[in-house]
Every structure is written in C-alpha cells, then in structure tokens.
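Let's take a walk through this fold, one piece at a time. Keep the viewer open and follow along.

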Amino acid sequence: MALCLGQVFSKDKTFRPRKRFEPGTQRFELYKRAQASLKSGLDLRKVVQLPDRENINDWIAVHVVDFFNRINLIYGTMSEFCTEKSCPIMSGGPRYEYRWQDGDQYKRPTKLPALIYMNLLMNWIESLINNEDIFPTRVGVPFPKNFQQVCKKILSRLFRVFVHVYIHHFDMICSMGAEAHINTCYKHYYYFISEFSLIDHSELEPLKEMTEKICN
C-alpha cells in the first residue's frame with residue numbers, strides 16, 4: 001500500500017516530515033514486518049494481529065506512527081481543497097462537529113476551520129510521538145503506564161480526519177483516482193483499532209455506513 005499511496009499522493013504536501021524508525025531497532029524490524037505483510041496481499045484482518053512473542057506496546061507504537069504518516073500524507077494532499085472558506089468548521093456533515101481543546105492555547109472546546117484544526121491536530125500528535133517519555137526509542141526504556149490511553153486518544157483524533165475527508169472531500173478523492181487507496185488505508189486502520197479495542201465503537205458512528213460497505 002505504501003507504494004500506491006506514494007504514487008497517488010504528493011509527498012511534498014505532507015503537513016509534517018515522516019516520522020521514521022531507527023534502523024537496527026526492534027521497532028524498525030516490526031515496522032518492516034508490518035510493511036511486508038501489507039504488500040504481500042494478506043487479509044488485513046490477519047496483518048494487524050500481534051506477531052508471536054512480540055510486545056503489544058511496540059506493535060501499537062509502530063502502527064500509531066505509521067497511521068500518522070499515512071493520514072498526514074492523505075490530508076496534506078487534500079489540504080489545498082480544504083480551505084477556511086470551503087470548510088469553515090471542522091465537521092463530518094451536519095450531524096458531527098469537532099471542536100479543538102488542548103488545555104493550553106485553547107482551554108475550552110473551540111470551533112475552528114478544518115484546516116486550522118488539522119494543523120493543530122498534527123502538531124499535537126507529532127509532539128507526542130517525538131516525546132521520549134511517551135514513545136521511548138532507547139533499548140530497555142519501558143513505555144509509560146498510560147501509553148495505550150495516549151494512543152487511544154491519538155487514534156480517535158485521527159479518525160476525525162477520515163470522517164472529514166470522506167464526507168466533505170469524497171468527490172475530490174474519486175477525481176484523483178485515490179478512492180481505493182484511501183479505502184485500503186481506512187480498512188487497515190479500522191481492523192487495527194478493532195483488533196485491540198482502541199476506540200469505543202460509538203465514536204465510529206459518523207462513518208458507520210462507509211465502514212459496513214468497505215470493511216465487511
């Protein structure tokens with residue numbers, strides 16, 4: 001899938017530089033294994049399963065970073081069509097509206113244009129995955145006790161990107177010939193969060209019909 005995404009989406013339009021794994025580390029080896037499985041054409045439901053004798057937090061960390069990179073690439077390409085004028089509110093149709101709150105600059109849930117919301121979101125995720133206290137990269141350094149809770153929050157926020165792109169920019173996706181590639185990325189994401197119960201399924205309601213169509 002990585003090659004397909006690279007062919008369809010422009011890598012110079014990503015919001016952030018791709019987060020990479022250090023060669024020679026266990027996480028790099030897990031990442032290579034996951035990528036090889038994706039390219040092999042295996043059932044995505046099996047691809048997301050934890051390999052034997054591997055640490056679940058390492059497996060989750062690898063996928064959170066990979067989903068960040070992929071979704072960042074997708075939205076970075078779509079962002080020129082997602083302006084403050086076209087998308088004045090970060091939403092998923094008329095029923096779902098997402099407000100930004102970070103406890104710092106935005107202490108209360110705040111309505112924002114989708115483009116600004118996405119920029120703040122990618123900043124926030126990048127700061128977390130680059131934080132050695134949360135995503136340790138040194139051998140022997142344990143994950144924090146709240147690691148999976150942090151990952152659940154990251155993944156739930158990344159889901160909102162899928163919601164906005166699918167609902168507000170689906171015609172553009174199709175015109176770019178990118179529908180199949182985004183669907184594959186979403187299926188991978190959906191099977192992963194389902195395998196490890198990383199998101200309450202009530203949060204997935206905005207894309208319920210889409211999920212039933214492409215994931216079942």
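What follows starts with the overall layout, moves to the helix packing, and ends with a few individual residues.

First, a caveat: this is a predicted model. The protein has 9 helices and 0 strands, so the pattern along the sequence is simply α-α-α-α-α-α-α-α-α. Of its 216 residues, 50% count as buried. If you take the contacts between residues at least 6 apart in sequence, 74% of them join residues at least 24 apart.

A good place to settle in is helix 8, which covers residues 179–195. Does its length fit its residue count, and what should the span be at 1.5 Å a residue? With 17 residues, helix 8 should span 24 Å, and its end C-alpha atoms are indeed 24 Å apart, which agrees. Quite a list of its residues is buried: His-181, Ile-182, Asn-183, Cys-185, Tyr-186, His-188, Tyr-189, Tyr-190, Tyr-191, Phe-192 and Ile-193.

Now for helix 6, residues 147–168. The same check works here: its 22 residues should span 32 Å, and the end C-alpha atoms are 32 Å apart, in agreement. Of those 22 residues, 16 are buried, so helix 6 is largely enclosed by the rest of the structure.

How do helix 6 and helix 8 pack, and at what angle? The angle is about 150 degrees, and the axes are 12 Å apart. Anything over 145 degrees counts as roughly antiparallel, and therefore helix 6 and helix 8 earn that description. The crossing of this pair is left-handed. On the helix 6 side, the contact is made by Leu-155, Ser-156, Phe-159, Phe-162, Val-165 and Tyr-166. Helix 8 answers with Ile-182, Asn-183, Cys-185, Tyr-186, Tyr-189 and Ile-193. A bit of helix geometry helps when you read lists like these: an α-helix has 3.6 residues a turn, so residues three or four places apart point the same way.

Helix 8 has another partner in helix 4, residues 56–78. Helix 4 and helix 8 pack at about 155 degrees, with their axes 11 Å apart, and are therefore roughly antiparallel too. Their crossing is left-handed. Helix 4 brings Trp-59, Ile-60, His-63, Asp-66, Phe-67, Arg-70 and Ile-74 to the contact, while helix 8 brings Ile-182, Cys-185, His-188, Tyr-189 and Phe-192. Look at Ile-182, Cys-185 and Tyr-189 of helix 8: these residues take part in the contact with helix 6 and in the contact with helix 4.

With so many rings around, aromatic pairs deserve a look. The count comes to 17 aromatic pairs. One of them joins Tyr-166 and Tyr-186 edge-to-face, at 5.8 Å centre to centre and with 80 degrees between the planes. Tyr-166 lies in helix 6 and Tyr-186 in helix 8, so the pair ties together parts that are 20 residues apart in sequence. Both tyrosines, Tyr-166 and Tyr-186, are buried. They also belong to one aromatic cluster, which includes Phe-67, Phe-159, Phe-162, Phe-170 and Phe-196 among its members.

Next come some single residues. Gln-148 is found in helix 6 and, at 29% relative accessibility, counts as partly exposed. Which residues does Gln-148 touch, leaving out those up to four places away in sequence? They are Ile-56, Asn-57 and Ile-60. The C-alpha atoms of Gln-148 and Ile-56 are separated by 9.7 Å, although the two residues are 92 apart along the chain.

Ser-91 sits in the loop between helix 4 and helix 5 (114–129). Is Ser-91 buried or exposed? Its relative accessible area is 11%, so Ser-91 is buried. Beyond its sequence neighbours up to four places away, Ser-91 touches Tyr-96, Glu-97, Tyr-98, His-164 and His-168.

Finally, the backbone. Most residues other than glycine have a negative phi. Arg-53, not a glycine, has a positive phi of about 65 degrees. Arg-53 is in the loop between helix 3 (44–47) and helix 4, and is exposed, with a relative accessible area of 82%. Ser-197 is another non-glycine with a positive phi, about 50 degrees. Ser-197 comes just after helix 8, in the loop leading to helix 9 (208–215), and counts as exposed at 55% relative accessibility.

Notes. Residues are numbered from 1 along each chain as its sequence is written. This is a predicted model: local features need pLDDT of at least 70, side-chain atom pairs count only at pLDDT 80 or more; totals for chains, interfaces and linings use all residues. Side-chain values use heavy atoms; hydrogens and water are left out. Helices (H or I, at least four residues) and strands (E, at least two) are DSSP runs, numbered from the N terminus. The expected span of a helix is 1.5 Å times one less than its number of residues. Buried means under 20% relative accessible area, exposed over 50%, partly exposed in between (1.4 Å probe, protein chains only). Rings of Phe, Tyr and Trp (its six-membered ring) pair if their centres lie within 6.5 Å; planes under 30 degrees apart count as stacked, over 60 as edge-to-face and the rest as tilted. Axes are lines fitted to C-alpha atoms, for helices over the stretch in contact, and angles run from 0 to 180 degrees between N-to-C directions. Angles under 35 degrees count as roughly parallel, over 145 as roughly antiparallel, 65 to 115 as roughly perpendicular and the rest as oblique. A crossing is left-handed if the near helix is turned anticlockwise from the far one by less than a right angle, and right-handed if clockwise. Contact means heavy atoms within 4.5 Å.
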